[in-house]
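Visitor: I would like to be walked through this structure, with a reason given for each term.
Guide: Then ask about the terms as they come up.

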Amino acid sequence: MSVKKPDLLQGTLDLLVLKTLAQGPQHGYGIAQKILLSSRQLIDVQQGSLYPALHRLERKNLVTSEWRESDAGRMARVYSLTKAGHACLASEIEQWSRYSAAINWVLEG
Amino acid sequence: MWRLWNKPDRDLDREISFHLETLADSYQRQGMSREEAMRTARREFGGVEPVKEACRDIRWSRPLAELARDIRFGWRMMRRAPAITGAALLSLALGIGATTAILTLADVLLWRTLGVPEPGQLSEVFWASKQRTGFNRRSVGSVHKDGALLVADFFSSQGLDALRASAQGKAGIAAQMGTFRVSASYDDQLSVAQVRPVSGNFFSVLGIQPAHGRVLNEHDDSPSAAPAVVLSHRFWSAKFGASPAVAGRSIRINNHMYEIAGVLPAEFRGIVPAENVELYSSIWQSPPFLEPDSNFRASAVDPTCWWLHLIARRAPGVSEAQLRDILDAGFAASWPKAPESAEATPHIRLSNARRGLGSIRRSLGNPILILLGLVVLVLVAACANIANLMLARSASREKEVALRISLGCGQARLLRQFLTESLLLATIGGLLSIPVAAGVLSMLPGFTPIQGTEMAISATPDPRSLAGAAVVTGLSALLFGLYPAWRAVRIDAGPALKEVTGRSAAHLRSRWAPARLLVLFQVALGVVLVTVAVLFTGNLLEIVSRETGFDRGNTILCKVRPGDQGYLDDRLKSFYSTLEQRLNDVPGVESAGLSITGPMSGGGGWSDLARLSNGDKFETAVHHVSHRFLDAMRVPVTAGRMLTRQDVESGGRVAVVSQDFAARLGLPSPLGARFTMGFGEDVQYEIVGIARNATYTDLRHTPLVVYIPFDFGVPTAQVVLNSSIPPAGIMPAVRDAVNGIDREVPLVDVFTMEQQISRTLHRERLFAWLCGSFGVLALVLCMVGLYGLMSHTTARRTQEIGIRMAMGATRGGVVFLALGNGLALALGGLVLGVPPAVYALRLAERHQLIPQGPFPLAALASAMGLIALSATLAVLLPALRAARIQPAQALRRA
């Protein structure tokens, strides 16, 4: 790996997970792959750390989970976004864009 | 249950392994081998365990799941050391159980408030004087001493009227009499019941509302009212199946019909603690008043006859002192004549009655507090034992703790583990203590203080007492469970892990210091408890084995109640005369006689004075008997003659007196001497015979006794049978003989003399039994404590002993070393225990639980001997184990 991947900013993992799940129900492995894919391989989530995040979101009722059979025929725990999760995602995105815009202004200023 | 709590864990495992396998699949597709793919996947995933731990942290069920794990682990640990666990549980169960039982007893008898509204407003009314007053000669009630004052609880009906008049508007005053045993029959079911005659305003003064029907009221308070009774809730539930339709029905009491007015509420349990009164009637319509020729009815209006017990309810805002002054002013108006002196002038005194009338508190209060003190000592000894066992256990678990700490177990987590284990132990011990307490309580009514009644102490341990005892023991379990944990988390894991059994002696001593102190303390407590146990059981045995002066082995006692069936006057007398004759004719009955006072029944008939012609006066017990009575009791007449049938039938003024009575006369020839004595009017008697000294109504005293022939115009009498055939063999024939006279008059209250004797010794038996158990308990606790300490010391010194033996120490020397160690500890405890034991003895003597006399050195010495013996036994086993140590093996293990 020649390019140094940026460290994930504190607190952004939840946002990424929520965003990924907004596109449809997914299991932990799938979420990791999707984040990797959509960040153009630049963000490599430490895969293990995904699970505490998922469980935390589930406790906050932002996601729910159920056991389903996966493509390979294994039982997988599939997470999906709840109503509260959708609402939370919207506000998180808004916060993020304001935050990143602010950072950009500072850097460009 | 475990499965449910563990489900989230298993789900997490499955979730993570799905991730790993799917990831591995993708690597496999890139051409890796399966193993390589899995390895890479794991590396990619990061540490599996930290992830799991993080997830557990987030999940809500974590605390519960951990608690479950802790409990399961604690249970496993407890099972791994069954001896220690068993001993701790036993200590807990016995300690808490015994304390709860005694606390419950104390609560019922001493502390519980009456089940009436505003009990604090109630006062018991007494009068007190320095000397006996001369104008209340015929009185029924109790007198107790308060310093130099005599305090009495009886008043005449004129006294009641005067007090009521003076207290108008300031207090309501109700009256009641002592209880009477009656035969009650309802729906052809006959039972013996306890009835208390009360004034009409009794229930309104107490503020009691009926559960069904009505309570008695002022209209019942007249000689012309229709007889009515109120049932206690208990009696109603037991005998009437709690039927609400009972009010208005009839019940036959003795030979009279009563209307059942109503039923009392369950929360009212009587006005005397632990009494079991089943029926309440008005005084004027009470069974003793309705008897033909009733003495009570005749004397009820006599101002010299004082027989009513009073209870007052103060109006709100009236203090006890105010009411006392008011009543005292009115009291004098009711006296039949002026007092002889200022000393003999009675004054009103009030005592708060929110916890019921005080007679039981006065007679049993201090003894119960002493019992409570003793049982607290037992509880403390049990706590010390638990502490010791927990220490021992923690010592054996040091390695485990060290291992867990080095594996990264947090201190808080470790503490919680120990806490859970202690709680588990305390909980199981607490649960086990409930049947122990119930068992003790169920035996208490056997030690009934009042003849013919039953203490109404239910076998349900008082929940507050149970909670109190459980909290104390639970706290000690926690404290002593946590102390080792606290110490354990401070140990240096490295050396502790390496260490197997070896340990330097100095290290050992400091480590065991708290345990040694506890054992010392325990032995000292043991000295106190065992001494008291030896003392009380010895006291009981001494009393029981005392010479009674009559035949104890072959005597059977029973009662007949012909008066209840309407026998009167001549019919009554001829009933008794026929009864005595028929009983003497029964084959196997050597002799049968009658008396009014039951032998060994407590109480009895006393004449203040037997007055000689020279004016000399003394107190004597009076035994009204049939002419066969002395023969039936096997009390020989040593001089003069027996009483005869003619004496009885002619109502002769003759008497047989005891040897002591005769000696008291101080005459050269007592036969033929005359003395006067009487209840009311004095009667002159001539002494015709002298009988061997014999006890009268209890074993503790052998008073002067005079036997008077009596014609038995009384409704109930005591039957005394002498037979070498045991009761089971002889009683059917005896019952047949009695049934032959009148089927409606059965023999009741059949006891052998030995049974009757043990009934009079309720207090001694209660104390001997309870303190004996406490003593045994203390001994067992001591032994367990010493044994536990010594076997642990031995186990941990295996290496040192091995070295000693390798260096040439003999086995005898090793035994001596180990024995000496334990016995020195026991000896220290013995010495420490002597001063408190002496104090306990003095206390028991002061409260007359044991007779005053020379210091009971023998009891103390034998108690110390007992403890020394059991201590030696407890220490011997570990010492012998130490001697069996093989030096080579012990050293190799190091």
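**Terms and values, two chains**

Guide: A:Gly24, just after α1(A), takes a positive phi of about 140°.

Visitor: What should be known before reading further?
Guide: This is a predicted model, in which local features need pLDDT of at least 70 and side-chain atom pairs count only at pLDDT 80 or more, while totals for chains, interfaces and linings use all residues. Residues are numbered from 1 along each chain as its sequence is written, chains are lettered from A and ligands numbered from 1 in the order in which they are written, and side-chain values use heavy atoms, with hydrogens and water left out.

Visitor: How many helices and strands are in chain A, and what counts as one?
Guide: Helices are DSSP runs of H or I with at least four residues, strands are DSSP runs of E with at least two, and both are numbered from the N terminus. Chain A has four helices and three strands, in the order α-β-α-α-β-β-α along the sequence.

Visitor: What makes helix α1 of chain A mostly covered?
Guide: A residue is buried under 20% relative accessible area, exposed over 50%, and partly exposed in between, using a 1.4 Å probe and protein chains only. In helix α1 (residues 12-22) of chain A, eight of the 11 residues are buried. Among them are A:Leu13, A:Asp14 and A:Val17. For chain A, buried residues are 39% of the 109 residues.

Visitor: What do the buried residues of α1(A) pack against?
Guide: They pack against β1 (26-27), α2 (28-38), α3 (50-59), β2 (63-69), β3 (75-81) and α4 of chain A. Contact here means heavy atoms within 4.5 Å.

Visitor: Why is the pair A:Glu94 and A:Arg98 called a salt bridge?
Guide: The term requires a side-chain nitrogen of Lys or Arg within 4 Å of a carboxyl oxygen of Asp or Glu. The side chains of A:Glu94 and A:Arg98 meet at 3.2 Å, N to O, so the pair qualifies. Both residues are in helix α4 (residues 83-108) of chain A, four residues apart, which separates them by about one helical turn. Side chains of opposite charge can pair when their charged atoms come close.

Visitor: Why is A:Arg98 called exposed, and A:Glu94 partly exposed?
Guide: A:Arg98 has a relative accessible area of 55%, over the 50% limit, so it is exposed. A:Glu94 has 47%, which lies between the limits, so A:Glu94 is partly exposed.

Visitor: How do you know that B:Arg214 and B:Asp220 form a salt bridge?
Guide: Their closest N and O atoms are 2.9 Å apart, within the 4 Å limit, so the pair counts. B:Asp220 is at 5% relative accessibility and is therefore buried. B:Arg214, at 30%, is partly exposed.

Visitor: What makes B:Arg634 and B:Glu590 a salt bridge?
Guide: Their side chains meet at 3.6 Å, N to O, also within 4 Å, so the rule is met. B:Arg634 lies in the loop between α19 (629-633) and β20 (637-640) of chain B and B:Glu590 in strand β17 (residues 589-595), so the pair ties together parts 44 residues apart in sequence. B:Arg634 has a relative accessible area of 31% and B:Glu590 has 43%, so each counts as partly exposed.

Visitor: How many salt bridges are there over all chains, and how many between chain B and chain A?
Guide: The count over all chains is 25, and between chain B and chain A it is three. One pair across the chains is A:Arg77 and B:Glu15, with the closest N and O atoms 3.2 Å apart. In addition, A:Arg74, B:Glu21, B:Asp25 and B:Arg34 are linked in a network of salt bridges.

Visitor: Which residues of chain B lose the most area to chain A?
Guide: Buried area is the accessible area (1.4 Å probe) that two parts lose on being put together, summed over both. Between chain B and chain A it is about 1,900 Å², of which carbon and sulfur atoms give 60%. In chain B, B:Glu15, B:Phe18 and B:Ile58 lose the most area to chain A, together 36% of what that side buries.

Visitor: Why is B:His627 called buried?
Guide: B:His627 is at 16% relative accessibility, under the 20% limit, so it is buried. B:His627 lies in the loop between β19 (617-625) and α19 of chain B.
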